[in-house]
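Please work through the exercises below with the sequence and the structure at hand. Attempt each task before reading its solution.

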Amino acid sequence: MTSPKLNSDLQRLIEARHHDPFALLGRHPQDDKLVVRVHLPYAKEVKIVEGDLPLQRIPNTDLFEWRGKPKQVPERYQLSWRDSDGNEYVAYDPYCFPPQIADFDLYLFGEGKHWHAYRFLGAHPHVADGVSGVLFGVWAPNAERVSVVGNFNRWDGRCHPMRGRGASGIWELFIPNLCAGDLYKFELRSRTNGSVFLKADPYGQHFEMRPSTSTIVAKPDTYAWGDGAWMEHRKSLDWLHHPMSVYEVHLGSWRRGWEGAFINYRELAHQLVEYVKDLGFTHIELLPITEHPFDGSWGYQTIGYYAPTSRFGTPDDFRYFMDYCHQHDIGVILDWVPAHFPKDAHGLARFDGEPLYEHADSRLGEHLDWGTLIFNYGRYEVKNFLLSSAMYWLEEFHLDGLRVDAVASMLYLDYSRKEWIPNKYGGRENLEAIDFLRELNTVVHSEHPGTMVIAEESTSWPQVTRPTYLGGLGFSLKWNMGWMNDTLRYMAQNPVHRKYHHDLLTFSMLYCFTENFMLPFSHDEVVHGKGSMINKMPGDEWQRFANLRLLYTYMFTHPGKKLLFMGTEFGQGTEWNEASTLDWYVLEYGFHQGLKLLVKDLNRLYTSESALYHFEFEWQGFEWIDCHDAEQSIMSYIRKKDDDFLIVVVNFTPVPRHGYRIGVPRLCRYTEALNSDSHYYGGSGVGNGDVELIAEERPWMEKPYSITITVPPLGSIVLRPEPLPEPEPAEASAEEETPTELAAPVEEPATAKAVASAEPAPAEAETAQSQ
C-alpha cells in the first residue's frame with residue numbers, strides 16, 4: 001500500500017519548521033466530522049481516553065489521527081500512549097487548549113508599558129479549564145519555530161512546538177501535567193538560516209546550579225511574609241533625613257560553609273544580620289545575586305534577570321533572607337545590572353538568531369572592554385524586560401532598593417570606545433537610555449514609595465538625583481565617586497606632602513550638595529591591583545591603621561550616606577578575592593580589633609546624632625570652622641541640625657597639635673564624643689580626655705567664641721557641646737551641700753571607653769593660626 005503524500009504544512013510540522021502547530025494539531029471540525037491529530041515522537045500507539053478511541057498512524061511519520069463524530073470527543077481530552085520501551089503515559093493534549101495569555105497583556109507588552117511581564121512570560125504553574133500544568137511564554141519575533149524542551153520530553157523540540165501570537169512576537173504553550181521542579185529550555189529555529197539552538201528562559205525564576213544551564217519551573221509564591229510592619233513603615237519613611245550606613249557584601253566570599261561550600265540564604269540571614277546589627281549598619285547591599293554563569297564576574301554578567309542565584313538556595317530561601325533582615329530592622333539593596341549582559345550561548349545574546357535584546361551594530365551594542373553586549377533601550381519589549389525585572393525584585397522579594405551598575409556606560413554613546421554613532425542630534429548622549437532611566441525611576445518611586453534607586457555614575461552628568469519633572473534622571477542617590485577618588489589620592493600621600501594636596505579634601509564642598517550623594521568605599525577599590533584599604537595607607541603598621549581610622553572618621557562625619565565593603569571594616573590585608581572568604585583570622589590581632597570597634601562606634605555615633613545625618617544633602621547641615629590650615633593638614637567643621645551640632649577636627653599628619661585653638665559657635669563646655677586615636681582603637685591615646693574644654697569669649701575664625709584643644713596625630717576628634725556647670729553656692733554648710741547634676745551625654749558603650757582612654761596632653765603654646 002502506497003503512503004499518502006503529506007501536504008507541505010504537515011511536512012513542515014514533522015520537520016519542526018511550522019510556525020503554527022495549533023493549525024494542524026489538536027481537535028479540528030472538518031465538514032460534519034471531527035479530526036484529532038497528534039504528533040508524538042517515540043509513541044507506538046495512541047488513543048483518546050474518553051471513549052477509548054484509537055488513533056491511526058500516518059505511515060512513515062509520528063503523526064496520529066482519529067476521525068469521527070464531534071460529540072465523541074470532548075473539547076478537553078486526554079491521550080494515552082505507549083512508547084517503544086513499553087512505558088505508558090496519560091496526559092491532556094496541549095493542543096486542545098485555547099490561548100492563555102490575554103490580548104491586553106500582549107498589547108501593553110508591545111507598547112512597552114507592561115511593568116509585570118514576568119507574570120505571563122517565563123514558566124508558571126497554571127490551571128486551564130480545571131486542568132493543572134505549566135504555561136510557557138517567550139518573546140522571539142525572529143524565530144521560525146519555538147519549542148519547549150525538557151526532562152519531560154527527552155529534550156526533543158519536535159514534541160512541544162509553541163503557538164505564535166501574531167505580530168507580538170510572543171510564543172506560548174500550556175503543557176498539562178507538568179509541575180514546579182521540571183527542567184526546561186526553549187529550542188528555537190532561526191527564520192534566517194534555519195539553525196537550531198537552545199536558550200535558557202529570559203524570564204526564568206529559578207536555574208540549575210552552574211555549570212548546568214537549564215531553567216527550573218519555579219513553584220508558586222506561597223511564602224508567608226512576616227515583615228508587614230517594616231513594609232508599612234517604609235512607605236512613609238523620610239529616608240533623606242534618616243541615617244543610612246550600608247555594608248556591601250558578596251555572599252559567596254563573605255563566609256563559606258564546610259569544605260568551602262556556599263552557605264544557604266537562610267543561614268546567611270542569621271549570620272549576616274547578627275554581624276551587621278552588632279556593628280550598627282542600617283542596610284546591606286548585595287553584589288548581584290541575579291543568576292550568572294561565571295563566578296569571576298561577581299554577578300555583574302547576568303543571565304537570569306528574574307532569578308536569585310541557586311548557589312545559595314531557592315527563591316523561597318531568598319525570601320526568608322529578606323524577611324529575616326526586615327524583621328531585624330535591616331534594609332537590603334540589590335546591585336542590578338541593566339547596562340549590559342554576557343555573550344554566553346544559552347543567554348540573551350542573539351536570542352532568536354538575530355540581535356534582539358542588543359543592537360545589531362557593535363558600535364552601539366557591544367562593550368569591548370568587558371566583552372559584553374548593550375541593551376537596545378529604544379525597543380519597547382527590551383525596556384519592558386528591564387522594567388519588569390526591577391519591579392519583580394521589589395515586589396516579589398521586598399527589596400528596599402536597587403543600585404544601578406555602570407550608569408555612565410549607559411548615558412554616553414562614546415563610553416570607552418573609539419568608534420561610535422552619534423544620536424539624532426549629533427550628540428554623544430544615549431537618548432533611549434536616558435528615557436529608560438527616567439521611566440525606571442518614575443515607575444519605581446510611584447509604585448513602591450520608600451524604596452531607593454541608587455546610581456553608580458562616575459561622571460559630572462547633571463541632576464542625576466533630581467526629579468524627572470525638573471529634567472533630572474530621578475535617582476534617589478548617587479555614588480560620590482569624585483569624593484572617593486580625591487580622598488584616596490590624598491590619603492596615599494606621605495603626610496609630609498599632604499599640605500600640597502589640601503584642595504583634594506576641600507574641593508568636595510564645592511559640589512557636595514548638588515546631588516544626593518553616598519560616600520562609597522566599595523568592592524571596586526580593593527580589586528585589580530588597587531590593594532586593600534589598609535595597604536593604600538602610607539607609613540608603618542601603626543601609621544597605616546591610624547590613617548585608616550582617621551579616614552573612616554572623616555567619612556562618617558562628612559555629609560552623605562555611607563557605604564563600606566566587607567572586610568574593610570577590620571582592615572583585611574589582602575585584596576578581595578571572590579573565590580575565597582575574608583581573612584577573619586586577622587581579628588585575633590589588636591589593630592584589626594581596634595579598627596572594627598571604631599567602625600562600630602562611628603555607626604553608633606552617626607545613627608544617634610541627628611546633626612550627622614539629618615541634613616546630608618543641604619548646606620544647613622555643614623559649616624566650615626577652618627578649611628585653610630593646609631600647612632598643618634588640619635580641617636575643622638561643624639555638623640548641625642537646628643540647635644544641635646557637633647564639632648569635628650581632623651589631623652592628617654603624625655604630629656600631635658597641642659594648644660590648637662578653634663572657633664566655636666556656643667559659649668559652653670565641650671567634651672569628646674569620639675577620638676579615633678584612643679587606646680581603645682589601637683591609637684596612641686593623645687586627646688583631651690577629662691580636660692575641661694570651656695569656651696572662651698574670644699572670637700576666632702569668624703566665630704564668637706573659641707577653645708584650645710589637643711588634636712591627636714593622624715587622628716580625629718568629635719566634640720559635643722554640653723551646658724556649663726552651675727556655680728556652687730558661695731556659702732553652704734557641709735550638711736547643705738549637694739552635688740551639682742550635669743547633663744548626661746548620650747551613651748555609646750564603646751565610645752565612652754574610647755574617650756576615657758584618651759590621655760590628656762600637657763598644654764603647650766598655641767599653634768600659630770590665622771583667625
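The exercises that follow move from the whole chain to helices, single residues, cysteines and aromatic rings.

The model is predicted, so local features need pLDDT of at least 70, side-chain atom pairs count only at pLDDT 80 or more, and totals for chains, interfaces and linings use all residues. Residues are numbered from 1 along each chain as its sequence is written, and side-chain values use heavy atoms, with hydrogens and water left out.

**Exercise 1. Describe the chain as a whole.**

Solution.
- Step 1: The secondary structure comes to 17 helices and 38 strands. Helices (H or I, at least four residues) and strands (E, at least two) are DSSP runs, numbered from the N terminus.
- Step 2: The C-alpha trace spans about 125 × 65 × 45 Å along its principal axes.
- Step 3: Of the 771 residues, 60% count as buried. Buried means under 20% relative accessible area, exposed means over 50%, and partly exposed lies in between (1.4 Å probe, protein chains only).
- Step 4: Contact means heavy atoms within 4.5 Å. Among contacts between residues at least 6 apart in sequence, 72% join residues at least 24 apart.

**Exercise 2. Characterise the packing of H5 with H15, and then that of H2 with H8.**

Solution.
- Step 1: Two packed helices are described by the angle between their axes and the distance between the axes. Axes are lines fitted to C-alpha atoms, for helices over the stretch in contact, and angles run from 0 to 180 degrees between N-to-C directions.
- Step 2: For helix H5 (residues 265-279) and helix H15 (residues 590-608), the angle is about 70 degrees and the axes are 7 Å apart. Angles under 35 degrees count as roughly parallel, over 145 as roughly antiparallel, 65 to 115 as roughly perpendicular and the rest as oblique. H5 and H15 are therefore roughly perpendicular to each other.
- Step 3: On the H5 side, Tyr-275, Lys-277, Asp-278 and Leu-279 take part, and they meet Lys-596, Val-599, Lys-600, Asn-603 and Arg-604 in H15. The residues of this contact of H5 with H15 divide into three nonpolar, one polar and five charged. Here Ala, Val, Leu, Ile, Met, Phe, Trp, Tyr, Cys and Pro count as nonpolar, Asp, Glu, Lys and Arg as charged, and the others, Gly among them, as polar.
- Step 4: Helix H2 (residues 103-110) packs with H8 at an angle of about 105 degrees, their axes being 8 Å apart. H2 and H8 are therefore roughly perpendicular to each other.
- Step 5: Leu-108, Phe-109 and Gly-110 in H2 meet Tyr-380, Glu-381 and Asn-384 in H8. This contact of H2 with H8 involves three nonpolar, two polar and one charged.

**Exercise 3. Which residues of H11 are buried, and what covers them?**

Solution.
- Step 1: Helix H11 (residues 481-491) is mostly covered, as eight of its 11 residues are buried.
- Step 2: The buried residues of H11 are Met-481, Trp-483, Met-484, Asp-486, Thr-487, Leu-488, Tyr-490 and Met-491.
- Step 3: The cover includes strand S26 (477-479), helix H12 (503-506), strand S27 (517-521), helix H13 (533-536) and helix H14 (541-557).

**Exercise 4. Is Ser-190 buried or exposed, and which residues is Ser-190 in contact with?**

Solution.
- Step 1: Ser-190 is found in strand S14 (residues 183-190).
- Step 2: Its relative accessible area is 1%, so Ser-190 is buried.
- Step 3: Leaving aside neighbours within four places in sequence, Ser-190 is in contact with Asn-142, Glu-144, Ser-195, Phe-197 and Asp-352.

**Exercise 5. Determine how many disulfides the structure has, and examine two cysteines.**

Solution.
- Step 1: A disulfide is a pair of cysteine sulfur atoms within 2.5 Å. A search of the whole structure finds zero disulfides.
- Step 2: For Cys-179, the closest cysteine sulfur is in Cys-159, 18 Å away, too far for a bond. Cys-179 is partly exposed, at 42% relative accessibility.
- Step 3: For Cys-512, the closest cysteine sulfur is in Cys-627, 14 Å away, too far for a bond. Cys-512 is buried, with a relative accessible area of 1%.

**Exercise 6. Classify two aromatic pairs.**

Solution.
- Step 1: Rings of Phe, Tyr and Trp (its six-membered ring) pair if their centres lie within 6.5 Å; planes under 30 degrees apart count as stacked, over 60 as edge-to-face and the rest as tilted. The whole structure holds 60 aromatic pairs.
- Step 2: The rings of Phe-318 and Phe-321 have centres 5.8 Å apart and planes at 15 degrees, so the pair is stacked. Both residues lie in helix H6 (residues 315-327), three residues apart, about one turn of the helix.
- Step 3: The rings of Phe-341 and Phe-375 have centres 4.7 Å apart and planes at 50 degrees, so the pair is tilted.
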